[in-house]
Amino acid sequence: MEFFSQHKIYDFMKVSRFFITTTLSIALLSIVLFFAKGLEYGIDFSGGTIVQLKYDQHAPIDKIRDDLAKDKMFAGALITEFGSPEEIQIRFASTSGGVSEDVGDKVRALLKDTGKFDVRKVDIVGPKVGGELRQKGIMAAALSMLGIMIYVAVRFEWTFAVASIITLLHDVAITVGALILFKVEMSLDVLAAILTLIGYSINDTIIIYDRIREELKSTKETDLMTVINVSVSKTLSRTVLTVLTVFFVVLTLYVFGGEIIHGFSFTMLLGVIVGCYSSIFISAPFLKVLGFSVEEYKNKIALKEKNKIEKEKMRSQYEKGTV
Amino acid sequence: MNRGKFNYRLVIFLIAIIFGVGMSMPTFFQSEKGAKVSLGLDLQGGLHMLLGVQTEEAIKSKIKSIASSIKFFAQSGDIIIDDFRIDEELLSFTLLDKDEEKKIDEMLKTISGLQVNKEALRYTLSLSDKEKDVIREYALSQAVETIRNRLDQFGLSEPNVAKQGNDKILVELPGIKTADDEQRARELIAKAAHLQLMAVDEKRKDRTNTMSPMEAAQYGDVILPDARSEQVKHILKEIPVLDGSMLSDAKVAFSEMHQPVINFTLNSEGAKIFGDFTANNIGNRLAIVLDNKVYSDPVIRERIGGGSGQISGGFSVKEAHDVAIALRSGALLAPVTLLEKRSIGPSLGADSIQASLIALISGFVLVSGFMLFYYRIAGVVANIALIVNLFLLIAIMALFGATLTLPGMAGIVLTIGMAVDANVIINERIRELLRQGVPMGQAIEHGYENAMSAILDSNVTSIITSVLLYVYGTGPIKGFAISTAIGISVSMLTAILGTHGIYEFLMPRIEKSKNLSLWFGMKRSH
């Protein structure tokens with residue numbers, strides 16, 4: 001079984017200008033959206049309390065609301081269904097109460113007339129912890145991008161490194177923009193998904209870069225557009241297939257993984273698609289925008305080659321004792 | 001391909017299979033023997049708490065205890081000092097008699113880390129920054145130790161108490177099932193168990209209810225509430241006669257009224273101070289203060305030698321028991337506050353395991369089915385590598401004593417998708433060569449060579465992010481970082497080396513066969 005015609009070279013460069021301008025603008029818009037509206041931070045980052053209940057039968061949400069209102073601790077609490085009609089989530093901003101006071105006990109006492117239920121989860125996060133986590137998250141994202149950039153610069157060329165970072169920023173920005181639009185709450189899992197994406201979506205980019213490097217070494221072709229078109233076309237089935245296998249598992253995670261990791265699986269699902277698209281339409285074509293020169297690169301390789309041969313020669317001369 | 005050559009790849013792969021399957025068995029069957037992957041709190045249920053230690057308080061209480069010893073020294077040496085006060089972290093007093101200067105100076109020298117500032121006979125004392133750091137660090141490790149001791153005595157299985165950063169403690173209590181147990185555990189942890197014996201300010205006791213805390217401070221007094229009723233106040237000398245650091249034991253006993261009480265014993269130094277104080281203050285009252293609440297303030301009838309005392313005050317048996325545990329295991333030098341608490345009921349954990357297992361199995365079926373359908377025998381080879389990868393992942397996690405969390409499960413599911421990536425890359429390279437008419441044997445060899453750099457580069461970048469995720473992540477996220485990092489690393493062994501070994505083993509058949517469709521699922525192009 002094969003997906004793509006294997007001998008055809010698709011003209012990606014012809015359409016890349018359109019795609020680069022369109023999605024980079026979308027990415028920019030996402031960044032604007034991020035600063036203007038911002039993400040909805042879950043209690044992991046903003047602090048607060050979440051209590052999760054599971055009833056034996058359909059949860060009487062109105063009665064729960066009324067009964068909780070009796071205690072001012074729950075003033076302004078958000079009471080919603082969570083995944084199924086039996087499950088209820090109560091969340092509120094307050095994190096007051098010492099170590100020995102228990103919100104779970106309070107909920108149990110207040111809701112004792114609403115039916116049989118089980119307190120499944122109580123999460124209390126203080127504002128200080130939340131702030132620290134947010135800092136750490138940004139730090140981790142920035143550092144992993146920096147790490148990748150250095151790695152790509154060492155293994156390839158600085159132009160490749162810059163293009164790969166632009167691609168990564170583009171992926172992250174669009175993913176975050178989508179999270180804002182779909183009102184997905186920023187939690188630790190979502191952060192993990194974004195960081196995973198940074199590490200994952202670079203993979204396809206690297207497969208393509210690797211092929212460009214190989215093409216540059218083997219052909220006499222000096223037109224960057226052609227080199228990129230050939231490289232992207234030849235790696236197309238690999239790119240799509242590797243993304244497809246990951247897409248499958250992330251999809252099963254989204255469908256079967258349950259409400260608790262929805263944030264994670266949804267973000268991954270989004271990111272895998274965006275990452276695949278950008279590897280093909282942004283990462284390699286962007287080399288042209290950055291003014292990567294095939295000739296210079298070839299000269300550089302030739303020079304390296306020459307130096308190597310020179311060194312070999314010197315060494316062999318030295319070993320033979322002629323120097 | 002050299003036929004008959006030693007197939008080291010296959011041998012390594014077989015060793016990896018034996019290792020992986022063998023070492024992951026204890027985890028699958030949850031047998032007692034051997035290392036196994038333990039389930040995180042989010043999967044088995046339990047209590048997770050992040051506590052902040054107010055280390056500054058430890059410095060303040062150190063200042064107070066220095067004050068106590070200076071006062072005791074002065075009194076026992078008949079040195080008169082005046083205007084003795086504590087202002088946050090500063091201690092000051094005036095010496096009345098210049099002749100005593102030398103004695104006091106000698107004494108102050110014996111206290112480590114003390115900075116003495118003298119203006120005429122006015123002394124201002126503070127602790128050096130280095131000493132403060134030492135105290136802060138000690139307060140943290142002491143808190144960890146104390147909480148650990150208390151939880152051990154409480155009888156919980158495998159409590160985990162660990163330092164986090166400079167001023168935080170992570171407490172994990174797996175297997176706390178009932179709300180009652182949770183409550184007790186939380187109280188035991190938070191109990192400062194700071195015992196102080198303080199003199200009642202008899203001169204000003206009539207004005208207790210009208211005096212503001214500020215005014216009291218001017219006289220060197222504090223106003224503390226009664227343990228039984230918040231409304232009842234007591235006025236006490238701020239500098240305690242002695243504190244719980246001189247405690248050597250605490251036990252639950254019963255009073256004549258069959259009420260539970262706590263008997264405590266002081267060490268020899270404490271006993272001496274206690275004896276001297278009671279001898280000099282007959283007729284006055286001494287308050288027994290626990291965690292800034294006054295439990296009783298008996299009148300001193302006679303000198304109390306032997307250094308033992310009693311805390312009574314309407315405890316329940318359980319409470320008295322827990323207070324005794326807390327006192328025995330030592331007071332917390334610095335109070336702890338709750339920064340984060342996550343409690344997960346066992347039923348939620350079970351549901352999470354179930355959901356992620358379903359995702360794991362269906363993800364596996366989808367990916368392996370796809371590989372089989374798309375690549376035929378090459379797909380089978382990749383799937384074998386994938387299965388071995390999962391076994392090895394579990395085995396290595398077990399060896400490291402890693403904890404499996406819900407995001408960790410997601411990481412394993414993701415590994416399934418990412419581990420076959422290497423095989424897809426290799427297989428596509430092989431197909432490319434086959435299309436150019438290269439014979440199968442050669443195509444396989446060159447396919448592996450050509451694919452290497454791309455696989456290496458992409459895996460290294462994934463590992464870079466995993467490492468950072470581990471360093472900067474917390475709790476469950478660390479679990480995710482661990483499982484993906486191990487999964488990717490292991491896939492280099494299984495998906496590259498292992499599958500290569502299998503092809504080498506199959507090489508005689510491959511070279512005989514011309515059926516590209518059977519081996520690599522592609523159409524013949526010539």
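Over how many bridges do strand 13 and strand 14 of chain B pair? They pair over seven, in the antiparallel sense; strands are DSSP runs of E of at least two residues and helices runs of H or I of at least four, numbered from the N terminus, and two strands pair if DSSP finds at least two bridges between them. This is a predicted model, in which local features need pLDDT of at least 70 and side-chain atom pairs pLDDT 80 or more, while totals for chains, interfaces and linings use all residues. Residues are numbered from 1 along each chain, chains are lettered from A in the order written, and side-chain values use heavy atoms, without hydrogens and water.

Strands 13, 14 and 17 of chain B form an open antiparallel sheet in the order 13-14-17. Strand 13 (247-254) and strand 17 (308-311) each have a single partner strand, so one side of each lacks a neighbour in the sheet. Within the pairing of strands 13 and 14, Lys251(B) has Asn263(B) as its bridge partner.

Salt bridges (a Lys or Arg side-chain nitrogen within 4 Å of an Asp or Glu carboxyl oxygen) number 46 over all chains. One of them joins Asp457(B) to Arg155(A), at 2.6 Å from N to O. This pair crosses between chains, from helix 13 of chain B to helix 5 of chain A. Asp457(B) is buried at 0% relative accessible area, whereas Arg155(A) is partly exposed at 30%; buried means under 20%, exposed over 50% and partly exposed in between, with a 1.4 Å probe and protein chains only.

Within chain B, Arg136(B) and Glu56(B) meet at 2.9 Å, N to O, in another salt bridge. Their positions, in helix 5 and helix 3 of chain B, are 80 residues apart.
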